[in-house]
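Subject: Handover of a structure and summary of findings

Dear colleague,

Please find below the structure that I am handing over to you. I would be grateful if you would read the notes that follow it with the model open beside them.

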Amino acid sequence: MRRTHIMGVLNITEDSFSDGGKYLGTEAALEQAQRLVSEGATIIDVGGESTRPGAIPVPREVELARVVPVIETLAADGIAVSIDTFHAETAAAAVRAGARYINDVSGGLHDPQMLSVAAEASRDAQVTYIAGHWRGIPDLAHTRSHYDDVVTDVRSALGDIAAAALAAGVERSKLILDPGLGFDKTGEQCWEILRRLDELQSLGYPVLIGASRKRMISEALAGVVGATPESRDLATSVVSALAARAGAWGVRVHDVAATSAALAIERAWQGESIAATSTTVPAWGQDHIRLTGLEVFAHHGVFDFEREQGQKFLVDADVQVDLRAASANDDLASTVHYGELAEAIVAAVSNDPVDLIETVAERVAEVALSFSAVTEARVTIHKPDAPIEAEFADVSVTVVRHRGAR
């Protein structure tokens, strides 16, 4: 079954709101990172500058001095590292040091060079860009927190951010979106986003959720008898389990141990074998083959003119495959021939018209899982010319299917 990533927070800062100064030295930071990995973190999110309200900007040389040595050491140990920064210079240096993710809470809006750095990193180093929604450093007075409908507005903004990232050259399969809980959003607005997470996921990108220890958690616990500051971590683990249930790609947390336990229970609730819930197994697999933007002309649709005239459909297929044998032996028979996979997908989409792209997505997932080496398939069907009167960039449906899942 798909595992939700646990992104462990490592703040190498003086003024982060919950743990500023605790891991400021390189040795202390490395010890904490190893602890988070042992507790089940699959990614370590390293930050050298706080984004809390009222935080003082850090000179780039200070931020780099804090994060680069830690990233180099962790990457050398084979640990997946994310750099938490909205500065292009820092992101580029972190990628050179071995970071596999750029976690930019500004979604490229703070530094005009960020998207070009992310594009080059995604193309040349297979680095994933995590783009957040924000309106600036959070304002505790919420002077920038007005939305006509917070989910609709945030979804639209994230769609624009994704479009800008793609236009800059970021690989589609290397883009993750983050709704930016707590960034110029009231507590109730944050909970509304979580309640309607599927609307953000309908953009067709994985979604990261970062609610850990934020004010929305404290506000929800107000009035609870016996609640303590430490209760925020317990409550965060509940949010993490619910986010996993809703299909979140990952959760960003401070207390990894509690989150690992909560996700293990959530998986058991779904029916996954307890014996298979070891937190040493990375989330969403390690090895993947991805086909993106596969164009197929077909006649799917509810309306008669769609069936008669046909239109363009785009397919993104991400299949999980254990590539160790193939890479060790340089043996095509040990992997999936992506050309054959592409041909099979084209045939599946172009034949037998149906009403719904949901049906098409299910069909493609079944085809992908028919390849014996594939254990999991994530399929997105895009219908860019859908008969919608309003202006729009895309409409898509994503399904995730696993071998042997009911």
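A residue is called buried when its relative accessible area is under 20%, exposed when it is over 50%, and partly exposed in between. By that rule Arg401, with a relative accessible area of 30%, is partly exposed. Please note that this is a predicted model.

Strands and sheets

Strands of a sheet pair through backbone hydrogen bonds, either parallel or antiparallel. Both kinds of pairing occur here, as the following examples show. Eight strands form an open sheet with parallel pairing, in the order E6-E5-E4-E3-E2-E1-E8-E7. At its edges are strand E6 (175–178) and strand E7 (208–209), each of which pairs on one side only. E5 and E6 run parallel and are joined by four bridges. Within this pairing, Ala131 has Leu177 in E6 as its bridge partner.

The antiparallel example is strand E11 (residues 374–382) with E12, where the pairing extends over seven bridges. Here His382 stands opposite Ser396 in E12. Five of the seven residues of E12 are buried, so this strand is largely enclosed by the rest of the structure.

Salt bridges

Side chains of opposite charge can pair when their charged atoms come close. The count for this model comes to 18 salt bridges. Three of them are described below.

In one salt bridge, the side chains of Arg60 and Glu49 meet at 3.1 Å, N to O. Arg60 belongs to helix H2 (residues 60–76), whereas Glu49 sits in the loop between strand E2 (43–47) and H2, so the pair ties together parts that are eleven residues apart in sequence. Glu49 counts as buried, at 11% relative accessibility.

Another salt bridge is formed by the side chains of Asp149 and Arg196, at 3.2 Å, N to O. Both residues lie in loops: Asp149 in the one between E5 and H5, and Arg196 in the one between helix H6 (187–195) and helix H7 (197–201), so the pair ties together parts that are 47 residues apart in sequence. Which of these two residues is buried, and which is partly exposed? Asp149 is partly exposed, with a relative accessible area of 28%, while Arg196 counts as buried at 18% relative accessibility.

A further salt bridge joins the side chains of Arg401 and Glu362, at 2.8 Å, N to O. Arg401 is part of strand E12 (residues 396–402) and Glu362 of helix H14 (residues 357–369), so the pair ties together parts that are 39 residues apart in sequence. Glu362 counts as partly exposed, at 28% relative accessibility.

Some salt bridges share partners, and in this way Asp149, Glu188, Glu192, Arg195, Arg196 and Glu199 are joined into one network.

Aromatic pairs

The structure holds four aromatic pairs. One of them is formed by Phe86 and Trp134, whose rings are tilted, with 5.4 Å centre to centre and 40° between the planes. Phe86 lies in the loop between strand E3 (81–84) and helix H3 (88–97), and Trp134 in the loop between strand E5 (128–132) and helix H5 (150–168), so the pair ties together parts that are 48 residues apart in sequence. Phe86 counts as buried at 6% relative accessibility, and Trp134 is buried with a relative accessible area of 9%.

Phe303 and Phe305 form an aromatic pair that is stacked, with 5.6 Å centre to centre and 10° between the planes. Phe303 counts as partly exposed at 44% relative accessibility, as does Phe305 at 40%.

Ring pairs also link Phe86, Trp134 and Phe183 into a cluster.

Cavities

Rolling a probe the size of a water molecule over the atoms shows where empty space is left. How many cavities of 30 Å³ or more does the structure hold? There are two cavities of that volume. The second largest cavity contains about 40 Å³ of space. It is lined by Glu49, Thr51, Glu63, Asp84, Thr85, Phe86, His87 and Val105. These lining residues divide into two nonpolar, three polar and three charged. Two of the names have appeared above: Glu49 takes part in the salt bridge with Arg60, and Phe86 in the aromatic pair with Trp134.

Yours sincerely,
A colleague

Methods:
Residues numbered from 1 in each chain as written. Predicted model: local features only at pLDDT ≥ 70, side-chain atom pairs only at ≥ 80, totals over all residues. Heavy atoms only, no water. Phe/Tyr/Trp six-rings, centres within 6.5 Å; stacked < 30°, edge-to-face > 60°. Helix = DSSP H or I, 4+ residues; strand = E, 2+ residues; numbered from the N terminus. Buried < 20%, exposed > 50% of the residue type's maximum accessible area, 1.4 Å probe, protein only. Pairing = 2+ DSSP bridges. Salt bridge = Lys/Arg side-chain N within 4 Å of Asp/Glu carboxyl O. 1 Å grid on protein atoms, 1.4 Å probe; cavity = no way out; pocket = protein on both sides within 12 Å on 5 of 7 lines; lining within 4 Å. Points joined across faces, edges and corners; volume = space filled by probe spheres on them. Nonpolar A, V, L, I, M, F, W, Y, C, P; charged D, E, K, R; others polar.
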